[in-house]
Amino acid sequence: MNTSLLLAALWAIVATVVALIPSRDRHWRAAYVLITVGIPIVGWVTYQNGPWIGLIVLGAGASILRWPLIRLWHWLKRKTAN
């Protein structure tokens, strides 16, 4: 296992632990930090391991951070409907 995959696994573990901790803002601040850190990790995984592994890691990250993606999808639908 190379360093990029190890970092992606560590990111997933940290995201899971953060989800278990109670939060007043429903974990939105943590989600923004995880997104900011996760995007370069996905790029690095894709660069080192190829696009298929990069897509798998992207899918895993999207399944962990599904609510920000759902909110983005709803926002985009509202913007394009007007």
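Q: A pocket is an open set of points on a 1 Å grid over the protein atoms alone, where a 1.4 Å probe fits, with protein on both sides within 12 Å along at least five of seven lines; lining residues have an atom within 4 Å of a point. Which residues lie nearest the centre of the largest pocket?
A: This is a predicted model: local features need pLDDT of at least 70, side-chain atom pairs need 80 or more, and totals for chains, interfaces and linings use all residues. Numbering runs from 1 along each chain as its sequence is written, and side-chain values use heavy atoms, without hydrogens or water. The largest pocket has 23 lining residues. Nearest its centre lie Trp 11, Val 42, Leu 58, Gly 61 and Ala 62.

Q: Which elements give two or more residues to the lining of the largest pocket?
A: The chain has four helices and zero strands. Helices are DSSP runs of H or I, at least four residues; strands are runs of E, at least two. The elements giving two or more residues to this lining are α1, α2, α3 (51-64) and α4 (66-81).

Q: How many charged residues are in the lining of the largest pocket?
A: Asp, Glu, Lys and Arg count as charged; Ala, Val, Leu, Ile, Met, Phe, Trp, Tyr, Cys and Pro as nonpolar; the others as polar. The lining holds 21 nonpolar and two polar residues. The number of charged residues is zero: no charged.

Q: What space lies in the second largest pocket?
A: The largest pocket holds about 460 Å³. For the second largest pocket, the space is about 370 Å³.

Q: Which residues are closest to the centre of the second largest pocket?
A: Its lining has 15 residues. By class these are 11 nonpolar, one polar and three charged. α1, α2 and α4 each supply at least two of them. The closest to the centre are Arg 26, His 27, Ile 64, Trp 67 and Pro 68.

Q: Which element supplies the largest share of the largest nonpolar core?
A: This core (buried nonpolar residues, Pro not included, joined through side-chain atoms within 4.5 Å; buried is under 20% relative accessible area, 1.4 Å probe) has 10 residues, among them Ala 8, Trp 11, Ile 41 and Leu 65. α1 (3-20) and α2 (28-49) each supply at least two. The largest share, five residues, comes from α2.

Q: Which residues is Ala 8 in contact with, leaving aside neighbours within four places in sequence?
A: Ala 8 belongs to the largest nonpolar core. Contact means heavy atoms within 4.5 Å. Its partners are Ile 41, Val 45 and Val 57.

Q: What share of the chain is buried?
A: The chain has 82 residues. Buried residues make up 20%.

Key:
Buried means under 20% relative accessible area, exposed over 50%, partly exposed in between (1.4 Å probe, protein chains only). Grid points are joined across faces, edges and corners, and a volume is the space filled by probe spheres set on the points.
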